[in-house]
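Q: Please examine one part of this structure closely and describe what surrounds it. I am new to the structure and would welcome a connected account.

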Amino acid sequence: YMFDIQGGGVLTPGKDKRLYFQLKGPNRQGNPVLGQTDEYYVRYETAHSKVVVGDNSFGLTPLTEASRLGRGVSYEHKFKKIRLGGFVNFPRFYPSLKRVISANGGFFSGEKFKLNLGFLTKTFVTNSSTMLMTVSGGIMPFSWNDIKFEFATGSANGKTAKAYTFDFKIHHKPFNLFVDYTRADPNFPGYLSNTEFVSSGVSVTLLKKISLSANYYFNHMNMALDTMYANAPYSKSMMFSLGYRFSINNSISLSVNKSTMEDMSTAKQFYYSDLMTQLTLTSRIK
């Protein structure tokens with residue numbers, strides 16, 4: 001047998017106070033209809049605050065703790081331009097972690113500027129611990145430009161390591177550019193370690209008829225994933241595309257894509273490269 005009781009709704013006529021809950025259990029093996037794991041949580045939200053007690057996905061930032069399922073409590077409160085929060089998490093699906101505690105805050109001014117500070121400590125089943133600090137934020141200097149960043153540092157076993165990421169975008173016709181880059185030291189004690197990730201691309205439209213684009217993607221990420229997830233493969237790809245619109249309803253494009261994929265598991269299941277050329281004809285009727 002297994003039960004699942006969940007519900008929620010607004011508590012005031014102004015709809016500024018909301019309550020949600022779920023009671024599901026007990027744990028079951030195999031493939032039961034309602035899932036394999038139990039979940040018990042209560043979430044209460046107002047216009048300025050949110051508190052969660054029970055099972056939840058707790059996280060701070062993509063570099064330190066992106067998403068860790070566990071049991072605990074989290075609280076967040078927003079003032080006019082300041083946000084404060086924190087959580088205590090006892091992970092359920094990461095055997096080496098016993099407890100994660102975090103405190104964080106941020107300053108924001110609409111969508112133009114955001115700055116976040118965070119502190120996190122992890123305690124392992126061996127009773128050893130590690131501490132991490134992070135600074136992240138975003139700035140939109142123009143309506144067509146967006147910049148996001150994070151820098152984190154952590155210490156474990158007397159050694160200090162760092163990780164950083166930035167995301168840069170320009171959307172200004174007829175030119176588009178994006179660069180997303182992440183790097184983490186081999187001994188960085190966060191959610192990522194020994195990681196390098198690049199996702200970039202550029203496109204331009206000439207004379208309103210000719211379009212050129214190029215993309216480069218490189219993924220060598222090592223994530224401290226819960227046991228219910230699989231590790232991401234190593235992958236690399238490059239793509240070039242040329243398009244020509246010879247009328248308002250008809251266009252033709254040619255693209256070339258070269259990619260490499262490798263399984264990162266201990267017992268590798270695949271390692272291959274492929275080269276694909278694609279010719280596309282598009283015609284719009286009515």
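A: In this predicted model, Glu196 is in contact with Tyr181, Thr182, Arg183, Phe218, Asn219, His220 and Met221, when its neighbours within four places in sequence are left aside. Glu196 itself belongs to strand E13, which covers residues 195–206. Its relative accessibility is 27%, which lies between the limits of 20% for buried and 50% for exposed, and Glu196 therefore counts as partly exposed.

Two of these contacts can be described further. Between Glu196 and Thr182, the C-alpha atoms are 5.7 Å apart in space, although 14 residues separate the two in sequence. With Tyr181, Glu196 makes a polar contact from side chain to side chain, at 3.2 Å.

Tyr181 leads from Glu196 to the aromatic residues. Tyr181 has a relative accessibility of 17%, and because this is under 20%, the residue counts as buried. Together with Tyr164 and Phe166, Tyr181 forms one aromatic cluster.

The structure holds 9 aromatic pairs in total. In the pair made by Phe166 and Tyr181, the ring centres are 5.9 Å apart and the planes meet at 40 degrees, so the pair is tilted. An angle of 40 degrees is neither under 30, as stacked rings require, nor over 60, as an edge-to-face arrangement requires. This pair links distant parts of the chain: Phe166 lies in strand E11 (residues 159–172) and Tyr181 in strand E12 (residues 175–184), with their positions 15 residues apart. Phe166 has a relative accessibility of 34% and so counts as partly exposed, whereas Tyr181 is buried.

Another tilted pair is formed by Phe270 and Tyr272, whose ring centres are 6.2 Å apart and whose planes are at 55 degrees. Here Phe270 is partly exposed, with a relative accessible area of 32%. Tyr272 is also partly exposed, at 40% relative accessibility.

Aromatic rings elsewhere in the model have a charged group over them. The charged end of Arg68 sits over the ring of Tyr94, at 4.3 Å from the ring centre. Arg28 lies over the face of Tyr1, and the distance to that ring centre is 5.3 Å.

To return to the part under examination, Glu196 is a partly exposed residue of strand E13, and its side chain makes a polar contact with that of Tyr181, a member of the aromatic cluster with Tyr164 and Phe166.

Technical notes
Residues numbered from 1 in each chain as written. Predicted model: local features only at pLDDT ≥ 70, side-chain atom pairs only at ≥ 80, totals over all residues. Heavy atoms only, no water. Phe/Tyr/Trp six-rings, centres within 6.5 Å; stacked < 30°, edge-to-face > 60°. Helix = DSSP H or I, 4+ residues; strand = E, 2+ residues; numbered from the N terminus. Buried < 20%, exposed > 50% of the residue type's maximum accessible area, 1.4 Å probe, protein only. Lys NZ or Arg CZ within 6 Å of the ring centre and 35° of its normal. Contact = heavy atoms within 4.5 Å. Polar contact = N/O pair within 3.5 Å; in protein donor to acceptor, adjacent residues only side chain to side chain.
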